[in-house]
Amino acid sequence: RTGAEPGSFVTPTKLNNIPHEREVRRFFYEDLSLSVQHALQEGGQRIQADIEIPELNTEGDVFRIGTLLEMVRHLATVLAQDGRRVRVCVQGSMGEGVFQ
């Protein structure tokens with residue numbers, strides 16, 4: 001996200017609060033949406049996004065599935081408003097120890 005001047009970057013504050021405030025979550029959602037739209041405009045067919053905020057870290061004790069679902073909803077809505085066809089697929093757990 002850019003500020004008023006070209007090349008400036010506005011960083012959200014209070015990132016240590018869990019759950020993050022709505023404004024902070026929207027910052028990450030918008031950043032993801034802009035990145036995916038840019039990748040699609042560049043001709044990307046398969047896109048992988050790595051997002052490392054505490055609320056989306058499944059290894060941590062503050063993981064919030066609601067944040068993930070909210071982010072997916074935001075991204076799907078932005079892409080649909082851009083005229084793209086969107087399909088969200090959810091894969092269930094494959095059990096414990098599958099890859100061990």
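**View 1. The whole protein and its surface.** The protein in this predicted model exposes about 8,300 Å², and carbon and sulfur atoms supply 48% of that area (Shrake-Rupley method, 1.4 Å probe; for residues, only the protein chains shown count as cover). Look along the chain and you will find two helices and zero strands (DSSP runs, numbered from the N terminus: H or I of at least four residues for helices, E of at least two for strands). Of the 100 residues, 20% count as buried (buried is under 20% relative accessible area, exposed is over 50%, and partly exposed lies in between, with a 1.4 Å probe and protein chains only). Residues are numbered from 1 along each chain as its sequence is written, and side-chain values use heavy atoms, leaving out hydrogens and water. Because the model is predicted, local features need pLDDT of at least 70 and side-chain atom pairs count only at pLDDT 80 or more, while totals for chains, interfaces and linings use all residues.

**View 2. Along helix 1.** Here the 20 residues of helix 1 should span 28 Å at 1.5 Å a residue, and the end C-alpha atoms are 28 Å apart, which agrees (the expected span is 1.5 Å times one less than the number of residues). Several helix 1 residues are buried, including V24, F27, S33 and Q37. Helix 2 is part of what covers the buried residues of helix 1. Just after helix 1, you can spot G43 with a positive phi of about 100 degrees.

**View 3. The largest nonpolar core.** Nine residues build this core: Y29, L32, V36, L40, I53, L56, M71, L75 and L79 (a nonpolar core is a set of buried Ala, Val, Leu, Ile, Met, Phe, Trp, Tyr and Cys residues joined through side-chain atoms within 4.5 Å). Helix 1 and helix 2 each supply at least two of its residues, and helix 1 gives the most, with four. Now find M71: M71 touches Y29, L32, I51 and L56, not counting residues up to four places away in sequence (contact means heavy atoms within 4.5 Å).

**View 4. Q37 and its neighbours.** Q37 sits in helix 1 (residues 22-41). Q37 is buried because its relative accessible area is 18%. Leaving aside residues up to four places away in sequence, Q37 touches V78, L79 and D82.

**View 5. V90 out in the open.** V90 belongs to the segment after helix 2 (65-81). At 75% relative accessibility, V90 counts as exposed.
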